[in-house]
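Let's walk through this model together, one question at a time. Have the sequence and the 3D view open as we go.

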Amino acid sequence: MSTAIAPKAQIPDVAGQITYAMRSMGVAPIPRNYELFYEAYIGSNPALTRELAALGNNANQEELDTIGAKYFPRHAGRVFDDAHTRLTVELDAVLRALRQEQTTLESYNRLLGETCERISSRNHNSADLLRNAIDMLTTATGDTMAQGEKIVENVAQRSQEMDQVRKELDEYKRIANTDALTRLSNRRAFEDRLVSIFDNQLTRPTTALVLADIDHFKRINDTYGHPVGDKILATVASIIRANVRREVFVARVGGEEFALIIEGITVEEVTAACERIRRALETTPFKNSRTRIDYGPVTISLGICMGSEAADSGELYNKADLALYCAKNAGRNCYNVYQDSMQKDFTKSWLIYKN
C-alpha cells in the first residue's frame, strides 16, 4: 500500500496536561494516580471523571485509591500483599517440617551409631546385647516412620495450600492485566509484552507491532453517548480478536486505541491480517436492534512496524505510531507500513495516538 506523507500535525501534550492537573490537586505522581487521571482525561468513563473532579484540590491518597478500586479492580494491590503473606507463612511451615525431619533423622542416625558400638563391644553378653539392640532399633524405627508419615502429610497439605495461593495470584495477575470493557489485555500488559520483544534477537525481525485507532470515535461518543461508544468498543475488540490467530497478543491501550503484537510473520502476512481486520470492521453493521438506529459506518486505521526496524521498544512504538499517523492523514480506513521515507522529525512520547 502506498504511503501518504503529510505535514506534521499538532499533537496535544496529553502528558503535560495530566501532570498539570495532578500537580494542581496536590496528587502524588505515581502510576496508579496517573492512570486515574488519564482515563478521566480521555473521557471514557464519565462517572469516574465526575468523582475525580468532586475531590477538588484536597484529594488524599486514600480517596484516590477508593476510586481506583471501584473502577479498576486491578488496583487492589492489597490482594497481592495478602497472597504474598500467606505464601510466606506456608513456606515457613514447610521449612519447619523439613528441619524437624532432619532432626529426627539425625537422632536416628546417632542411635544406630551407638547400637553399632555396643554390638562391637566384647565386654557384653552377645545374646542380651543383640536382644536389647533389636528392641531399641525396632522402637526407634517405628517412631521414625510415624514421624516421617506426619511430616509427609504436613508437607503435602502445605503444598496444596501453596498451590491454591499460586492459582489465586495467577488469577489476580490476569485480572490486573485485563481491560474490563473489552476483555482484551490492557495497557500495562501491552507495555510488558512490547519490551519483551527485544529479549529475543532471533525472533525480533519477524515480530510486528500494529497500532490501530477507531476513526472519528469522538464523534460517535458525542452523538450517541458513551454507553453506545462502549458497546462499539467491545464489538470492535471482538472483531479484531476474531480475525487474527489465537496466539496473537491483542490489547486495548487507550480510549479507542488497540495494539497487536504478532510473532513469526512477514510484512506481507501482517498487511494481509490488517486488511482482513479493516474489511471485517468496515462491513459490520452497527445498528440498535430495538430502535434501528444506525451508528455506522465504523472504520479503523492501522500502523505497522516490524521489529527489525527498531533498536528498542520505544523506537518500535514510535515508528508504528508514525505509520498510524500517516494512515490517518491518508484518509483513514486504511493501513500503512513504516518506511524510512516518512517524516523523521515526527517524535512522540509513549502516550497512545489521540485524535
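Q: How many disulfides does a search of the whole structure find?
A: This is a predicted model, and a disulfide here needs a pair of cysteine sulfur atoms within 2.5 Å. For C334, the closest cysteine sulfur is in C326, 9.8 Å away, so that pair is too far apart for a bond. Across the whole structure, the number of disulfides found is 0.

Q: Is C334 buried or exposed?
A: The cut-off for buried is a relative accessible area under 20%. C334 has 11%, so it counts as buried.

Q: Which element supplies the largest share of the largest nonpolar core?
A: Happily, this core is easy to trace: it has 35 residues, and I232, V236, F258 and L260 touch the most other members. Elements that each supply at least two residues include β1 (208–214), β3 (257–262), α10 (267–282) and β4 (300–306). The largest share, 7 residues, comes from α9.

Q: How many residues are in the other core, the one that includes A251 and Y317?
A: This core lies apart from the largest one, and C305 and Y338 are also among its members. C305 has a relative accessibility of 1% and therefore counts as buried. The size of this other core is 24 residues.

Q: Which residues does I232 touch, leaving out those up to four places away in sequence?
A: I232 is one of the residues that touch the most other members of the largest core. It also takes part where α8 meets α9, on the α9 side with H226, V228, G229 and L233. Beyond four places in sequence, its partners are F217, I220, F286, Y295 and V298.

Q: Are α8 and α9 parallel, antiparallel, perpendicular or oblique to each other?
A: Their axes lie 7 Å apart and the packing angle is about 140°. Angles over 145 degrees count as roughly antiparallel and those of 65 to 115 as roughly perpendicular. The α8 and α9 pair is therefore oblique.

Q: How many charged residues does the contact of α8 with α9 have?
A: From α8, the contact involves F217, I220, N221 and Y224. By class there are 6 nonpolar and 3 polar residues. The number of charged residues is none.

Q: In which loop does R332 lie?
A: R332 has a positive phi of about 70° although it is not a glycine. With 25% relative accessibility, it counts as partly exposed. Its place is the loop between α11 (313–329) and β5.

Key:
Residues are numbered from 1 along each chain as its sequence is written. This is a predicted model: local features need pLDDT of at least 70, side-chain atom pairs count only at pLDDT 80 or more; totals for chains, interfaces and linings use all residues. Side-chain values use heavy atoms; hydrogens and water are left out. A nonpolar core is a set of buried Ala, Val, Leu, Ile, Met, Phe, Trp, Tyr and Cys residues joined through side-chain atoms within 4.5 Å. Buried means under 20% relative accessible area, exposed over 50%, partly exposed in between (1.4 Å probe, protein chains only). Helices (H or I, at least four residues) and strands (E, at least two) are DSSP runs, numbered from the N terminus. Contact means heavy atoms within 4.5 Å. Axes are lines fitted to C-alpha atoms, for helices over the stretch in contact, and angles run from 0 to 180 degrees between N-to-C directions. Angles under 35 degrees count as roughly parallel, over 145 as roughly antiparallel, 65 to 115 as roughly perpendicular and the rest as oblique. Ala, Val, Leu, Ile, Met, Phe, Trp, Tyr, Cys and Pro count as nonpolar, Asp, Glu, Lys and Arg as charged, and the others, Gly among them, as polar.
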